[in-house]
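Trainee: Could we go through this model together, with the terms checked against their definitions?
Mentor: Gladly, have a look.

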Amino acid sequence: MSAYAIELIDVHAAYGGIEVLHGVDLVVPEGALVAMLGPNGAGKSTTLKAIDGRLTPTGGCVHIAGRHMNGASTKQLARAGVCSIPEGRGIFPNLTVEENLRMLTQLHADLPMSEVAERTYARFPILGQRHTQLAGTLSGGEQQMLAMSRALVSDPSVLLVDEPSMGLAPRIVAEVYDVLRQLAAEGITMLLVEQFAQMALSIADYAAVMIQGQIVTFAEPADLGDVAGAYLGASA
Amino acid sequence: MVFPAGTSSEPRTRITLGEFIGLTIAGLALGAIYAIAASGLVVTYTTSRVFNLAHGAIGMVMAFVYWQLRVEQHWNAPLALFVALLLVAPAIGLIIEATLIRRLNPNDTGMALVVTLAVMVALMGIAFTLWPQTKGRLLPVFFGPNAHLSVAGQLITYEELISIALAVATAVGLRLFFFNTRIGIAMRGVVDDRQLMSMNGRSPAMLSALSWAIGAALGGLAGILTASTYQLDIINLTLLVLNSFAAAMLGRLRNLILTFVGAIVLGLLDAYVVGYLKLTGWLVHLRPVLPTLFLFVVLIALPAVHLRSGTAVISRAIRIPAGARSLGNGAALVVLAIVVAPFLHGTVLGNVNAGVALGIGALSIVLLCGYGGYVSLAQYAFFGFGAWLFSEVGHGGNPVGLLVAAAAGAVLGAIVALPALRLRGLELALSTLAFGQLAYYMFFLQPEVMGRSDLAIPRLHLPGISLESGDRNLIFLSIVFALASAGVLALRRSRFGRILVASKDSQVAVATLGLNLRLSKILLFALATALATFGGALYGSTQRLVTADNFQYVSSLFIVLIVYVYGVSTPGAALAGGLSLAIAPLLAVHIPVRFQAVTYFMTGFGAFVLLGRPTGIIPAVSEWLHDRLPRRVMGHTGGPPPVVVPREPSRPTVEVSRAAASDA
């Protein structure tokens, strides 16, 4: 069995006729948190889509836990333990908070709703207070908490998180990162895409810098040195 | 449901308590049928955001399937019901979802409307072929004709009680299913984000298919109940969708409880109006339009839609011919008419004339639907209005009558646009269909208009030029079409045309540029309706004798569909559509009676072309020629070169519904 939870080998992906990923090579070791950084349009979110099945790669290999997964559907990958929290929250806005949580039991039929609710409301009490409210009417931070609850209760083998800080107040971002830190401490393998590097680097084991559809640097955060600053500007 | 006119006018002077109870039960039973039908609409809409215009047609087909099994094959009722409702209807729903609905972009409301409309028309064509309306068909009453209770001296049939019980069971069952089961919640969630649903381990395709299967079964149940209470009639059963839509609109197509309430109110309204009002004189046709009036009240009472943004669907840019080229195309059409006209005679010449006249009126569809993005299903009402006005004003074929028809059309269009300002997409389309129905029953069928006998309309008489002969009339109509289509293209190239197309893409963007959306919408409706009434006047003048049936509201569906098939943003599509509809009856003469639903098949199945070629046949052929012929032959075009815009698989635009909020 591979020591890598995720392994991308020369992955190419395109929207229509326009190629966005030009041979991405990336590994995420078992139990590690890898932060993928890069400017807008670098292909970070597209890489996540190629991993979680939302986009079929046009070339290369996607390996999850050593298994070749090119062309697998999002449903198959979800059942294989890949939990993806996409950009823009990843919730069902026309369902209530409780119904959103109930959706988690679609994937894990053996997981009782009471346990899902208990674990979620223990970590995010505000969601407990708003369990009958439509998710689309929650604040941005609350919506992100609801999205994060998927990772909290589903014990994924691989967690993919896309831009969790987008549009959130600094206090809420800190809270979201607390949850990610906790999940990382529990040994969940994580690939975190973030445009603003500082916060991501503070919890990451490794950082991958992506520019124009390719990984240009892969190192531990301390070893990034000036690379991050050179590629990512002041935000790094 | 559209009732036979003859059943609608039994005056009652004094109503006893017993009769009141009888009326109430009858109203509840009718409301129950509406509720079941409307619930099916809500189920499919809630889970796919596609309004199934073919819902009534599925119910109609199921009623005929049930009749076939029960009456022709002599099956017992439970077995026939089981096969019709639990096997055939879900199978039809699954097939429609898998072959058509799944391929639709949820942001493309117009295409979704057109495709479901096409399914409706195609199913009607199939029904006309399998069960020709040359003989009457009746369904046996459940439990026999003597199965009834007596309450306060009133006979209440088991049929009525069954309808009410089934509606209550449907409402309670659906509520429990959608809010208390995992699969039901997933079906509600799938419309928010299909990919996210997939990440949660559910197959969005399976969920959508299931919702269409349930919706079709409910439509079938409503169809069978309707048919067993009234009679088997293809058009009336199909248009049940209009009535149930009125009920579903009360719940904004999402809230099952309000939908149920709306349906019951409608049923009671029908019963009390029949019981308490004398439906004579101009009110004689009030009953079939009650749901329409109810719908208008609901639409006016509901909050107006918000401006939207970011729902543009880009597939392929269409070339807009430059002024000189559009005039050149027009000249070519006129030359063609001059060459061809002498070879056409009798009925063929008459139908070609009618087709070109219809094409002139159908240019209004290019303006409204093609450029403005507003699907309007009332064009035949405007044609009829134009024809009637010309008969009233254009004495002796006076051309001033044409101008009056156009001017009155512009005023009518502006008036229609006022309530339409509040609506868009589906609501606007169905409101216009309802308007067409209203115009047919409350105007064209009136004895003073066309209801009593044929309406004689003089042939247009131009000073010094006689248009009495069909070939001259054809050449004249071709000139008018050429000029009108050049005008439509000039409008598209103008600032106003750019505003129209821009507001179709993003109303917010247009409004934030400081442009007046309301004014442009009113202007668009006024212009389009003027064109429609102008074309209608020419159509009437060409036909010389018309009846209300020439302006049946169902015909509006055909012409909109056929123009979409040929390319709704192309004036040539209006001509091709008008000619196709006018010539189809000529073809019908040469084929067996059983297969004479040519118009239904042509428009219904033809529209499926759009799934592969969303821009329609004419632009597709034009592009094909452009790619293969030398540039010199194709000539210069004023528009930009066509581009294929790569599209990232998009998430549907999500808005949290008020109805859902209140429901929760």
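Mentor: Here is a short talk about the sheet and the helices on it. This is a predicted model, where local features need pLDDT of at least 70, side-chain atom pairs count only at pLDDT 80 or more, and totals for chains, interfaces and linings use all residues. Residues are numbered from 1 along each chain as its sequence is written, chains are lettered from A and ligands numbered from 1 in the order in which they are written, and side-chain values use heavy atoms, with hydrogens and water left out.

Trainee: What is the strand order of the open sheet in chain A?
Mentor: Its six strands run β6-β7-β8-β3-β9-β10, with mixed pairing. Strands (E, at least two residues) and helices (H or I, at least four) are DSSP runs, numbered from the N terminus.

Trainee: Why is one side of β6 and of β10 of chain A left without a neighbour in the sheet?
Mentor: β6 (82-85) and β10 (214-219) of chain A are at the edges and have a single partner strand each, so one side stays free of a sheet neighbour.

Trainee: What makes β7 and β8 of chain A a pair?
Mentor: Pairing requires at least two bridges found by DSSP. β7 (residues 158-162) and β8 (residues 189-194) of chain A have five, in the parallel sense, so they qualify. Val161(A) faces Leu192(A) in β8(A).

Trainee: In which sense do β9(A) and β10(A) pair?
Mentor: Antiparallel, over five bridges. They form a hairpin with two residues between them, and Gln212(A) in the turn has a positive phi of about 45°.
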